[in-house]
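Please open the model in your viewer and keep the selection tool at hand. The tour proceeds by selections, each followed by a description of what is found there.

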Amino acid sequence: MTNAFNTTNSQTVFSAAQELMPGGVSSPVRAFKSVNGDPIVFDRVKGPYAWDIDGNRFIDYVGSWGPAICGHSHPEVIASLQEALEKGTSFGAPCELENKLAEMVIEAVPSVEMVRFVNSGTEACMAVLRLMRAFTGRDKLIKFEGCYHGHADMFLVKAGSGVATLGLPDSPGVPRSTTSNTLTAPYNDLEAVKELFAENPDAISGVILEPIVGNAGFITPEPGFLEGLRELTKENGALLVFDEVMTGFRISYGGAQERFGVIPDLTTMGKVIGGGLPVGAYGGKKEIMSMVAPAGPVYQAGTLSGNPLAMTAGIKTLEILKQEGSYERLDTLTKKLINGICDSAKQAGLSITGSSISGMFGFYLCEGPVRNFEEAKKANAEYFGRLHRAMLKKGIYLAPSAFEAGFTSLAHSEDDIDITLQAFNECFNELGN
Ligand SMILES: *Cc1c(COP(=O)(O)O)cnc(C)c1O
């Protein structure tokens, strides 16, 4: 750790990338804009570590944004991929591996009786939205401020401050006519949802949410919130959809729905179920899923969907996760991490609130509690940017935004956590308050 931190090669490659691709990246958050830094260009990943093209090694708490829950490049995943590779890279025809992964998902996730595989979480959420509207014959949708459901038009809505409000598009190119059907409410606010149902009788197809929010930092549902949404949707003839793209197979083997005991009508998945290859999925009650083509009239398709390599990585990853004690291990390790971070920060005189469940964690540099996006925005993002850079120099790779959840993996050791906590402690003291 005493070696000088040199990122010359990363800087060279990234400056070339900026001429070749918008912002130099294939997905915006990777550009480090919200921490005011230059991104690190990766060379390879293994276990809990990532190496950059300058030869620096980092303990990684991004885990490819969630998929690397068993650790990067798990030897069993790599071995099964090598075997599958011999049989070809894409079939465009049914393969048995799809049955296998479908059976595993149906067995694991309480709400899922039937599943369709796609290539990303965005695709899963787009498809589920069409299905919600088709099944109910209604066009409107309720989502929550700070929840991300991929980049389809109808989900790209910035909510007004504080109160529930009609959606205006978050991005140019999204027609107002599309987002006018998107209603938003603050997270953890059942009253706001009740009002939206009252104001829009027989018009709302359903409510979609992250059952634990990981795209606005880390926000957990208050007791009664998920249960209340389950009741409200039922009373109003609307569907309840859990977007478990991030929480699926991470919060527990059956996702947040298993952990909280609230069963939605439909569920979207991604990240972990692809084990590091591009997979998304949506599933739910047979009655609803039977409407999807070719069983039913709701069109949705994909050239590479159910890809044999992606199915293989997903199957092997779930097999590893299913082993006794996986989630207990993630929970213990991550609790140690977040408690240590919060203790260090407080000792350095900073305001902080943080929490974790299983292998997912987050902290805000402000007084708690943080129950919704509005409260999350109180966090000191400027300080977080400096903290992020200082931690990089000490070999710790955190998500490059104050509003992203962190991830641990089964490959992180107690030693990795201790080294990380030591680095946090030094950084908090160096940066002061
Ligand atoms: C990542 C994410 C998505 C989008 O998935 P992509 O694979 O990036 O398209 C959707 N919903 C949630 C909750 C996510 O975390």
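Begin by selecting K377 and E374, whose side chains meet in a salt bridge with an N to O distance of 3.4 Å. Bear in mind throughout that this is a predicted model. K377 counts as partly exposed at 43% relative accessibility, and E374 is likewise classed as partly exposed, its relative accessible area being 32%. Now select E76, K100, K316 and E319, which are joined into one network by salt bridges that share partners.

**A salt bridge within a helix**

Move next to helix α11, residues 326–347, and display D331 and K335, which both lie in this helix, four residues apart, or about one turn. The two form a salt bridge in which the closest N and O atoms are 3.4 Å apart. D331 counts as partly exposed at 21% relative accessibility, which places it just past the boundary, because buried requires a value under 20%. K335, at 33%, is also partly exposed.

**A salt bridge between loops**

Select D202 and R138, whose side chains meet in a salt bridge at 3.6 Å, N to O. D202 belongs to the loop between α6 (190–199) and β10 (204–209), while R138 belongs to the loop between α4 (121–136) and β5 (140–144), so the pair ties together parts that are 64 residues apart in sequence. The partners differ in their surroundings, since D202 is exposed with a relative accessible area of 64%, whereas R138 is buried with a value of 13%. With the cut-off for a salt bridge set at 4 Å between a side-chain nitrogen of Lys or Arg and a carboxyl oxygen of Asp or Glu, the count comes to 17 salt bridges.

**Strand β5 and its neighbours**

From R138, continue along the chain to β5 (140–144), the strand that follows the loop holding this arginine. Is β5 mostly covered or mostly open? It is mostly covered, as five of its five residues are buried. In a regular strand the side chains alternate between the two faces of the sheet. Colour K140, I142 and F144 as one side of β5 and L141 and K143 as the other, and note that both faces are covered, with all of these residues buried.

Now add the two strands that pair with β5. Strand β10 pairs with β5 in the parallel sense over three bridges, and within this pairing K140 stands opposite I204. Strand β9, residues 182–185, also runs parallel to β5 and is joined to it by four bridges; here the bridge partner of L141 is T182.

**An open sheet of four strands**

Turn to the open sheet whose strand order is β1-β2-β3-β16, with mixed pairing. Its edge strands are β1 (42–46) and β16 (396–397), each of which pairs on one side only.

Select β1 together with β2 (49–52), which run antiparallel and are joined by four bridges. In β2, K46 has Y49 as its bridge partner, and V45 has A50. The hairpin of these strands has two residues between them, and G47 takes a positive phi near 55° there.

Keep β2 displayed and view its side chains: Y49 and W51 point one way, A50 and D52 point the other way, and all are buried. Then add β3 (57–60), which pairs with β2 in the antiparallel sense over three bridges, with Y49 standing opposite I59. The hairpin of β2 and β3 has four residues between the strands, and in it G55 adopts a positive phi near 90°.

**The ligand and its shell**

Finish at the ligand, and select the residues that surround it: S120, G121, T122, Y148, H149, G150, E210, N215, D243, V245, M246 and K271. How do the residues of this shell divide by character? Three are nonpolar, six polar and three charged.

Three contacts deserve individual inspection. A nitrogen atom of the ligand lies 3.2 Å from a backbone N or O atom of Y148. An oxygen atom of the ligand is 3.1 Å from an N or O atom in the side chain of N215. In the case of D243, an N or O atom of the side chain is 2.7 Å from a nitrogen atom of the ligand. Taken alone, the ligand exposes 380 Å², and the protein buries 83% of that area.

Note on methods
Residues numbered from 1 in each chain as written. Predicted model: local features only at pLDDT ≥ 70, side-chain atom pairs only at ≥ 80, totals over all residues. Heavy atoms only, no water. Buried < 20%, exposed > 50% of the residue type's maximum accessible area, 1.4 Å probe, protein only. Near = heavy atom within 4 Å. Polar contact = N/O pair within 3.5 Å; in protein donor to acceptor, adjacent residues only side chain to side chain. Areas by Shrake-Rupley, 256 points an atom, 1.4 Å probe, with all protein chains shown as cover. Nonpolar A, V, L, I, M, F, W, Y, C, P; charged D, E, K, R; others polar. Pairing = 2+ DSSP bridges.
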